[in-house]
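Thank you all for coming. I would like to walk slowly through one structure today, going from helix packing to a sheet and then to a few single residues.

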Amino acid sequence: MEAVEVESKGSNAGDDDRRTSSKVGRSSWGCAFLLVNTCFQYTAYFGLSTNLVNYLKVELHADSKSAANSVTNWVGTSAITPLAAAFLADSFLGRYWTITLFLVISVAGYGVVMASASAALQSAVFYAGLYLVALGGALQPVMASFGADQFGDDESERGRKSSFFNWFYFSINVGCLIGGTVLVWVQTTHGWRLGYGIPALLSVLAVALFLAGTREYRRHQPPGGSPLTRIAQVVVAAARKGDVEVPDDVALLHECDRDDGMSAIQGSRRLPHTDQFRFLDKAAVETAGDKAGRQTSPWQLCTVTQVEELKCVLQMLPVWACGIIFAAAYTQMSTTFILQGDTLDPLIGSFRIPAAVLSVFGTLSVMLWVPLYDCAVVPLASRLTGYRHGFTQLARIGVGFVVLTVAMLLAGALEVARRRVLAHHGTYVGADGARYVPMSIFWQVPQYVVVGAAEVFTFIGQMEFFYDQAPDAMRSICSGLAKAAFALGNYGSSALVAVVVHATARGGSPGWIPDDINDGHLDYFFWLLALLCVGNFGAYLIVARWYNYKNLDQTTTCSVP
């Protein structure tokens, strides 16, 4: 598809108003299809993943360690595969066809899982379906980018685009809530056949819903070819011209001479020259040999836009790196928070509340904070900062860093209080034979709620930042960076726990995180995490101060089906 301007010039103000109203209506309906589709996808995904370890143990007869490792490996794969989908979308297929392809793959995966659960097929068949789901469900960065594509870059549209990211994350959490509660209940009470049949049905509905909205998707970013090739070309060309001087007049650097503001990269606007990473500008310097040749290889001479693409990525990498520490602290919600909750009194009357169930308060917190952010936080912040959208993208991410630090401090303070109760009152034996500290598990609710608030600021802020600041032809891939940071944060958390256990469990000491945390000092671990969060925030402030926001001509270009 050829890149064209959607914002065609009207003959009069009335025509322009009608076109604008039509575009707003179309983008709203298109995004509604995408939001409901995302909810269906994540309801299916969490309906499969939440109770997966129990299926592996009960139905496939895996031991606890093997089942836990299998789930960890699968979740890790699910976090990495979005980069593959993003690469295909930006390079070859475009976002629409990438989403369609991967949704069909996910239907196949859920179908195999359902068939395996229904007919008690071999475990190899079940795992094949499981990893098809991991591949087909790798759509968060592509789907978010496709939804954001439906909005223009003028000031009014930017506000609606920011709101879209909020509600996109809201839809993910609705799916998480339904899949992690209702579908788990179905699996427990009505069996795996129905419990895995519902996710399969939802995956089919997701495909049908996405295709039904085709006419409402008004803006399509054409694939621009492999960004990895373009980046390699800039590096090679700059290295080959290492002894060439960059002219003071940047107008002398090589650039596409089109009059419509577009670059030589399909569907990508020209990027203005910036002064950072000046060495890379050598790739765009036209030497006498370049001028003499009829057609110069891009491995020898690159355009300014191609060079600026690499500069954009290099600028974003420090912001991305700061997100790894955030993710490592965030993942405590599914690890050390649960270890802490396992020792607290789980009873409400005769009902026992499993520690893992409290994570639902984090989900509910997100669902509360998203509308609160749009309706209250943004207007208040706008009055305080003078910025129309409340916070800049980097400021929003930074607020989340601070909020998560507060969550770690709350967890540490609760652990101090828990140990004090343990010292004075000991433990009691529950009906299940486990020993509990006489302190209600619901004292953990505040830390889960605060973590949910941190998600709304940082994770959604990252989605908006990596989309908005990425070059036009690399938006899916750069959006996938946030997902990759989350995966690395999980691995980093595991590594940190291993280091802490090795360093503190010496000389007969049980260490900070022993098998029985009543003998350890989990509070010290939470203080360490809070300290890491503070240090990470300090580094982030330096990065944010150094960062220069991308500056583009505000004409939105895209292709129309």
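Let me begin with helix α13 passing helix α16 in a left-handed crossing, where left-handed means that the near helix is turned anticlockwise from the far one by less than a right angle, and right-handed means the clockwise case. The contact between α13 and α16 is made up of 19 nonpolar, four polar and three charged residues; here Ala, Val, Leu, Ile, Met, Phe, Trp, Tyr, Cys and Pro count as nonpolar, Asp, Glu, Lys and Arg as charged, and the others, Gly among them, as polar. In the chain, α13 covers residues 393-425 and α16 covers residues 522-546, and the two pack at an angle of about 165° with their axes 8 Å apart. The two helices α13 and α16 are therefore roughly antiparallel to each other, a word used for angles over 145 degrees, while under 35 counts as roughly parallel, 65 to 115 as roughly perpendicular and the rest as oblique.

Before I go on, a word on where this comes from: we are looking at a predicted model, in which local features need pLDDT of at least 70 and side-chain atom pairs count only at pLDDT 80 or more, whereas totals for chains, interfaces and linings use all residues. Residues are numbered from 1 along each chain as its sequence is written, and side-chain values use heavy atoms, with hydrogens and water left out. Helices (H or I, at least four residues) and strands (E, at least two) are DSSP runs numbered from the N terminus, and axes are lines fitted to C-alpha atoms, for helices over the stretch in contact, with angles from 0 to 180 degrees between N-to-C directions.

A second pair is helix α6, residues 155-190, with helix α12, residues 360-385, whose axes come within 9 Å and cross at roughly 155°. That angle makes α6 roughly antiparallel to α12, and their crossing is left-handed. Among the residues that α6 brings to this contact are Trp-167, Tyr-169 and Phe-170, and those of α12 include Met-367, Pro-371 and Tyr-373, contact meaning heavy atoms within 4.5 Å. By class, the contact of α6 with α12 has 13 nonpolar residues, four polar and one charged.

Helix α6 also meets helix α5, residues 140-149, and there the axes come within 10 Å and cross at roughly 145°. Which hand does the crossing of α5 and α6 have? The crossing of these two, α5 and α6, is right-handed. On the α5 side the contact includes Met-143 and Ala-144, and on the α6 side Phe-164, Phe-165 and Phe-168 are among the residues met. Seven nonpolar residues, two polar and one charged make up the contact of α5 with α6.

Now the sheet, which is an open one of three strands in the order β2-β6-β5, with mixed pairing. Strands β2 (344-345) and β5 (428-429) stand at the edges with a single partner strand each, so one side of each is left without a neighbour in the sheet. Strands count as paired if DSSP finds at least two bridges between them; β2 and β6 run parallel and are joined by two bridges, with Leu-344 having Val-437 in β6 as its bridge partner. On the other side, β5 pairs with β6, residues 435-440, in the antiparallel sense over two bridges, where Tyr-428 stands opposite Tyr-436 and Val-429 has Arg-435 as its bridge partner. The hairpin of β5 and β6 has five residues between the strands, and Gly-433 in that hairpin takes a positive phi near 90°. Our earlier helix α13 returns here, lying across β2 and β6 and running at about 115° to β6.

Finally, some single residues, starting with Ala-454 in helix α14, residues 445-468. Is Ala-454 buried or exposed? Ala-454 counts as buried, because its relative accessibility is 1%, and buried means under 20% relative accessible area, exposed over 50% and partly exposed in between, with a 1.4 Å probe and protein chains only. Setting aside neighbours within four places in sequence, the contacts of Ala-454 include Phe-326, Val-403 and Leu-404. By contrast, Ala-539, which lies in helix α16, is partly exposed with a relative accessible area of 34%.
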